[in-house]
Amino acid sequence: ELSSYDNRMDTLLKFVFENFGLITCGWSAKWDTALVETLKASNKFRYSNFFTHVDQSSEELEELAKYRAGRL
């Protein structure tokens, strides 16, 4: 539940999110604001993004999936 990452960590995460696919399991995207912002900043993704959730998906997760052209 971080609001921001160190620059080195942010750079590494952006590289990973832009060069590899992403599958999340049971993540709501509500509380990890730094991670959500890094995912949104990594907009040159090459591979698919899949977001799973428990019960109803959160608005934040739906927005992120749409932004990254992913599937819920």
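F20 is found in the loop that runs between helix 1, residues 7–19, and strand 1, residues 22–24, in what is a predicted model. With a relative accessibility of 47%, F20 counts as partly exposed, because the partly exposed class covers values between 20% and 50%. This phenylalanine is also part of a nonpolar patch on the surface, which it forms together with M9, L12, F15 and V16, and the accessible area of these residues together is about 470 Å².

Helix 1 also carries a salt bridge, in which the side chains of K14 and D10 meet with a distance of 3.2 Å from N to O. The two residues are four apart in helix 1, so they are separated by about one helical turn. An α-helix has 3.6 residues a turn, so residues three or four places apart point the same way. The partners fall into separate classes of accessibility, since K14, at 27% relative accessibility, counts as partly exposed, whereas D10 is buried, with a relative accessible area of 18%, the cut-off for buried being under 20%. A salt bridge is also formed by D6 with R8, where the closest N and O atoms are 3.2 Å apart. Here D6 counts as partly exposed at 45% relative accessibility, while R8, at 69%, counts as exposed.

Beyond the loop that holds F20, the chain enters strand 1, in which T24 lies. T24 counts as buried, its relative accessibility being 10%, and, if residues up to four places away in sequence are not counted, T24 touches F50, F51 and T52.

Helix 2, residues 33–41, contributes A34, V36, T38, L39 and K40 as buried residues. What do the buried residues of helix 2 pack against? Their packing partners are helix 1, strand 1 and helix 3. One of these buried residues, K40, has a side chain that meets that of E63 in a salt bridge, at 2.7 Å from N to O. This pair links distant parts of the chain, with K40 in helix 2 and E63 in helix 3, 23 residues apart. While K40 is buried, E63 counts as partly exposed, with a relative accessibility of 47%. A search of the whole structure finds three salt bridges, among them this link between K40 and E63.

Helix 3 spans residues 59–67, and within this helix L61, L64 and A65 are buried. Why do these residues line one face of the helix? Viewed down the axis of helix 3, the buried residues fall within an arc of 100 degrees, so they line one face. On the other side of helix 3, E59 and K66 are exposed. The buried residues of helix 3 pack against helix 2 and against strand 2, residues 49–51, and the packing with helix 2 appears again from the other partner, as the buried residues of helix 2 include helix 3 among the elements they pack against. Just after helix 3, A69 takes a positive phi of about 55 degrees.

Notes. Residues numbered from 1 in each chain as written. Predicted model: local features only at pLDDT ≥ 70, side-chain atom pairs only at ≥ 80, totals over all residues. Heavy atoms only, no water. Buried < 20%, exposed > 50% of the residue type's maximum accessible area, 1.4 Å probe, protein only. Arc of directions from axis to C-beta. Contact = heavy atoms within 4.5 Å. Patch = residues over 30% accessible without salt bridge, like charges linked within 9 Å, V, L, I, M, F, W, Y side chains within 5 Å. Areas by Shrake-Rupley, 256 points an atom, 1.4 Å probe, with all protein chains shown as cover. Salt bridge = Lys/Arg side-chain N within 4 Å of Asp/Glu carboxyl O.
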